[in-house]
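Open the model in your viewer and keep the selection panel at hand. The tour has two stops.

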Amino acid sequence: MRFDVLSIFPEMLQSPLNYSLLKKAQEKGLIRICLHDIRHWAEDKHKMTDDAPYGSGCGMVMKVEPVERALAEIKDTKLNPLVVLMTPQGEIFNQKIASQLTRERQIIIICGRYEGVDERIREHLADREISIGDYILTGGEPSALVLIDAVSRLLPGVLGNDNSAFSESFSQGLLEYPQYTRPAEYKGWKVPEILLSGNHAQIESWRKRKSLERTYQRRPDLLGKAELSAEDREYLQKIKLEDI
Ligand code: JCZ
């Protein structure tokens with residue numbers, strides 16, 4: 001999978017993409033991330049990538065021509081690239097979208113800056129507009145990092161253990177159960193006895209119950225879409241009645 005990022009501050013992304021699993025994934029050739037400075041495609045002598053909005057108003061708007069020229073050069077048509085515009089007005093990013101995007105071969109991400117982008121970028125150049133949540137950032141770069149990270153970790157070989165991507169929060173639609181490691185007791189704070197028992201069936205059942213409790217307490221909105229067994233539903237009823 002190839003990611004291309006268009007930004008006027010590509011250095012902002014350099015360091016965060018070069019640690020840990022994303023760094024290893026690039027070294028292993030599982031993903032390739034190319035950062036591009038939009039200014040490179042600015043034509044005038046001032047290398048302008050923004051301009052004042054038509055109809056007046058404060059702030060500046062990202063120009064369409066440099067982005068169009070950049071796309072023309074970066075798009076690898078053999079890979080049928082997907083162009084994503086990061087914006088607060090896009091569909092809200094989630095695990096399902098991350099999973100859909102793993103099917104792409106080239107994702108080109110346009111990061112806006114200033115007060116926003118010329119509407120024609122949205123209309124004519126982007127295939128998809130994505131927001132990482134309902135809050136306003138100074139630019140699209142942090143969103144691009146989030147998208148690349150969330151998509152990359154789902155690709156085969158990126159995580160050490162192929163199963164770990166799936167057993168985590170959201171994949172079954174539930175929040176993660178509590179985890180502990182040594183020591184078994186610290187300052188009187190104890191690890192639940194059951195986890196030390198070695199009884200794997202009981203541990204699995206405890207974990208599932210904790211996931212259900214936590215999801216009910218913190219994110220009841222997730223329960224509607226979660227994949228629940230008859231046993232899970234029964235336990236959930238009990239939680240609701242006892243109001244755990
Ligand atoms: C350009 N400000 C691009 C995206 N989810 C989210 N929040 N904020 C953004 C975003 C903000 C921006 C630009 C200027 C994206």
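**Stop 1: a helix pair**

Select helix α8 (residues 200-218) together with helix α10 (residues 230-242): the two pack at an angle of about 50°, and their axes lie 10 Å apart. Angles from 65 to 115 degrees would count as roughly perpendicular and those under 35 as roughly parallel, so α8 is oblique to α10. The crossing of these two helices, α8 and α10, is right-handed. Bear in mind throughout that this is a predicted model.

Next, show side chains at the contact. On the α8 side, pick K208, R209, L212, E213 and Y216; they meet D232, Y235, L236, I239 and K240 of α10. Colour this set by residue class: the contact of α8 with α10 has 5 nonpolar and 5 charged residues, and no polar ones.

**Stop 2: the second largest pocket**

Now leave the helices and run a pocket display. The second largest pocket has a volume of about 370 Å³. To centre the view, select M86, T87, P88, L137 and G139, which lie nearest the centre of this pocket among its 23 lining residues.

Which strand gives the most to the lining of the second largest pocket? Select β5, which gives 5 residues, the most of any contributor. Strand β5 spans 82-92, and β7 spans 128-131; each supplies at least two residues of the lining.

Finally, colour the lining of the second largest pocket by class: 10 residues are nonpolar, 10 are polar and 3 are charged.

Technical notes
Residues numbered from 1 in each chain as written. Predicted model: local features only at pLDDT ≥ 70, side-chain atom pairs only at ≥ 80, totals over all residues. Heavy atoms only, no water. Axes fitted to C-alpha atoms, helices over the stretch in contact; angles between N-to-C directions. Helix = DSSP H or I, 4+ residues; strand = E, 2+ residues; numbered from the N terminus. Parallel < 35°, antiparallel > 145°, perpendicular 65-115°, else oblique. Left-handed = near helix turned anticlockwise from the far one by under 90°. Contact = heavy atoms within 4.5 Å. Nonpolar A, V, L, I, M, F, W, Y, C, P; charged D, E, K, R; others polar. 1 Å grid on protein atoms, 1.4 Å probe; cavity = no way out; pocket = protein on both sides within 12 Å on 5 of 7 lines; lining within 4 Å. Points joined across faces, edges and corners; volume = space filled by probe spheres on them.
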